[in-house]
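Reader: I would like to learn how salt bridges and burial are read from a model, one feature at a time. Could you take me through an example?

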Amino acid sequence: MDTKRMRKHFLSILKNPELCFLFRDFLKSEFCSENLSFWMAVEHFKNLNEEELLTNAQHLHNEYIRVGSANEVNIDIEHKRTIEQNLTNPTNQLFDEAQEVIFNLMENDSFTKFIRCDLYKNFLLGNRPVVEERERTKTTENINKYLEKQSWYRRAGNQV
């Protein structure tokens, strides 16, 4: 599958609440569910008002960026340093580069494993998980906000 088709397929999974939750369950089994959690948390962070940024930036740092944290994501030391240097005066874009690294990691590694796993194959055969409406709405909103900001998505005419 070529890169464009892979990205479209990956995004279609993220946009589908049932598949997104299935993907999250798969990531849990692979011990890397923090990647999707971080990605979604950053989507939420991007929409915070100025008053909420400092507290939430600290929380995201402590939860996902700080070395040794329980849900530390796999980003290089330069991205960590950049985030840490800007924690006292955060903007909504503070975690954007780290988020892109994690998105690419999920797309190029976890996703390719996911579409070959039995969990996904069973889903395609009709075994659907139950997803609460509140979680479905939250997931869909976060994915849509991310896509709207991506230049490649806008150039493609908002088609996934």
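**Salt bridges and burial**

Author: Lys80 counts as buried, at 4% relative accessibility, and this is a predicted model.

Reader: With which residue does Lys80 form a salt bridge?

Author: The partner of Lys80 is Glu72, and their closest N and O atoms are 2.3 Å apart. Glu72 counts as partly exposed because its relative accessibility of 27% falls between the 20% and 50% cut-offs.

Reader: How many salt bridges are there by this rule?

Author: The count comes to six, and one of them joins the side chains of Asp96 and Lys46, at 3.7 Å from N to O. This pair links distant parts of the chain, with Asp96 in helix α6 (residues 96–114) and Lys46 in the loop between α3 and α4, 50 residues apart. Lys46 is buried at 12% relative accessibility, whereas Asp96, at 26%, is partly exposed. Lys46 and Asp96 also belong to a network of salt bridges that includes Glu43.

Reader: Where do Glu78 and Arg81 lie?

Author: Both are in helix α5 (residues 77–85), three residues apart, which is about one turn of the helix, and their side chains meet in a salt bridge of 2.9 Å, N to O. Glu78 is partly exposed, with a relative accessible area of 46%, and Arg81 is partly exposed at 40%.

Reader: Is Asn35 buried or exposed?

Author: Asn35, which lies in helix α3 (residues 34–45), is buried, because its relative accessible area of 4% is under the 20% cut-off. Leaving aside neighbours within four places in sequence, Asn35 is in contact with Val73, Ile102, Leu105 and Met106.

Definitions and conventions
Residues numbered from 1 in each chain as written. Predicted model: local features only at pLDDT ≥ 70, side-chain atom pairs only at ≥ 80, totals over all residues. Heavy atoms only, no water. Helix = DSSP H or I, 4+ residues; strand = E, 2+ residues; numbered from the N terminus. Buried < 20%, exposed > 50% of the residue type's maximum accessible area, 1.4 Å probe, protein only. Contact = heavy atoms within 4.5 Å. Salt bridge = Lys/Arg side-chain N within 4 Å of Asp/Glu carboxyl O.
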